[in-house]
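Hi,

Here is the structure I said I would pass on. Have a look at it first, and then read my notes underneath.

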Amino acid sequence: MDELDFLRSVLPLDHDQSRLSVKEGFWTTVTFAQSLNGCIAGPNGTQLILSGKQSMIMTHWMRSMHDAILVGINTVLSDDPQLNTRHLPPREGGYQLPLPIVLDTHLRMPLDCKLIRNASSGIGKYPLVFCTQALQDDIRKRTLQDLGVKVIPVELGSDGRIPMSTVVETLRQLGLHSLMVEGGASVLSSCLSSARDKLRIDRIIVTIANCVTPGNGTHYDISAQMTRLSLHTVTTLGGDIVAAYDLPGNS
Ligand SMILES: NC(=O)C1=CN([C@@H]2O[C@H](COP(=O)(O)OP(=O)(O)OC[C@H]3O[C@@H](n4cnc5c(N)ncnc54)[C@H](OP(=O)(O)O)[C@@H]3O)[C@@H](O)[C@H]2O)C=CC1
Ligand SMILES: Nc1nc(O)c(N)c(N[C@@H]2O[C@H](COP(=O)(O)O)[C@@H](O)[C@H]2O)n1
């Protein structure tokens, strides 16, 4: 099974098998890469390249299939990600890029981050940033908007965080149908902890990289009881294991 065979078996794709096909509803994929000892990053959030070449290409195909891709602000601050599809083979017309979504309560997004720089150079979409309602009239909001960033102030949840249910509802109102949640650790924690009542997760796709990572690495945690997932499909890509899971109760 290659990268595309795997994705075709775990995602509902359209007739030419290039995009997710969910006309009425909304599809959420949660995905990340981890080491064999369960880390998604190094100590203090230092970025690690965990995925091998083939599983990284699989991740970029997955990006090209979703309407939006979401990360927490700490991932922007530590990795300065591009969230694009640059590892895919060049093709005429390129690939549809997912809209980058950042959860950033206090608008800490650097004005010169790659997401903004790429968009202003015409090689990416301007990110959509969710922040607290308290910054509705803040100068920082206007500065980001002047650069082209779309800022959406929202009521925070009882945990002081941006509610994933609000994010999904906003994306639906914007006419988007699919979201790929890429992390980091806190975002994975809150999505997986609140999965049953606040966020419907349709598929979890994990790359288990063939490496062990040193030191006190970054991992996610959940504040719920142990949940056993249903294994949907598993394969190997290069030296990595790539597995797709369903949450219990999803039909
Ligand atoms: N291996 C992998 O696949 C991936 C690894 N990573 C790694 O993860 C690390 C970053 O993880 P981490 O430090 O946990 O940070 P995150 O990227 O998960 O960002 C967390 C921050 O997002 C903001 N936030 C707002 N709303 C929410 C919400 N509902 N749930 C969670 N967070 C919310 C909060 O900051 P505020 O209060 O300021 O809004 C919070 O502290 C990086 O080192 C990166 O390399 C990241 C992605 C994938
Ligand atoms: N699939 C995957 N494998 C890894 O080894 C990773 N470190 C990550 N990290 C995620 O990808 C982002 C970087 O994206 P760009 O390469 O800049 O497009 C990083 O911020 C994490 O979200 N993912």
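How do the residues of the shell around ligand 2 divide into nonpolar, polar and charged? The split is 7 nonpolar, 6 polar and 4 charged.

Before the details, bear in mind that this is a predicted model. Mean pLDDT for the protein comes out at 95, with 98% of its residues at 70 or more. For the complex, the predictor gives an ipTM of 0.99 and a pTM of 0.97.

Now to the ligand site. The largest pocket is the space that ligand 2 takes up. Two elements each give two or more residues to the shell around ligand 2: helix H2 (53-65) and helix H3 (73-79). H2 gives the most, with 3 residues. There are 17 residues around the ligand, and those that come nearest are Leu50, Ser51, Asp79, Gln82 and Arg86.

Two of those nearest residues also turn up in the polar contacts. In serine 51, a side-chain N or O atom is 2.6 Å from a nitrogen atom of ligand 2. For arginine 86, the side chain has an N or O atom 2.6 Å from an oxygen atom of ligand 2. Threonine 59 joins in too: one of its polar side-chain atoms lies 3.3 Å from a ligand nitrogen. As for burial of the ligand, on its own ligand 2 has 510 Å² of accessible area, and the protein covers 88% of that.

That's what I have on the site so far.

Cheers

Terms used
Residues are numbered from 1 along each chain as its sequence is written. Chains are lettered from A and ligands numbered from 1 in the order in which they are written. This is a predicted model: local features need pLDDT of at least 70, side-chain atom pairs count only at pLDDT 80 or more; totals for chains, interfaces and linings use all residues. Side-chain values use heavy atoms; hydrogens and water are left out. pLDDT is the predictor's confidence in each residue, from 0 to 100. A residue is near a molecule or strand if one of its heavy atoms lies within 4 Å of it. A polar contact is a pair of N or O atoms within 3.5 Å; within protein, one must be able to donate a hydrogen and the other to accept it, and residues adjacent in sequence count only if both atoms are side-chain atoms. Accessible areas come from the Shrake-Rupley method with a 1.4 Å probe; for residues, only the protein chains shown count as cover. On a 1 Å grid over the protein atoms alone, a cavity is a set of points where a 1.4 Å probe fits but cannot get out, and a pocket is an open set with protein on both sides within 12 Å along at least five of seven lines; lining residues have an atom within 4 Å of a point. A molecule sits in a cavity or pocket if more than half of its atoms lie within 2 Å of its grid points. Helices (H or I, at least four residues) and strands (E, at least two) are DSSP runs, numbered from the N terminus. Ala, Val, Leu, Ile, Met, Phe, Trp, Tyr, Cys and Pro count as nonpolar, Asp, Glu, Lys and Arg as charged, and the others, Gly among them, as polar.
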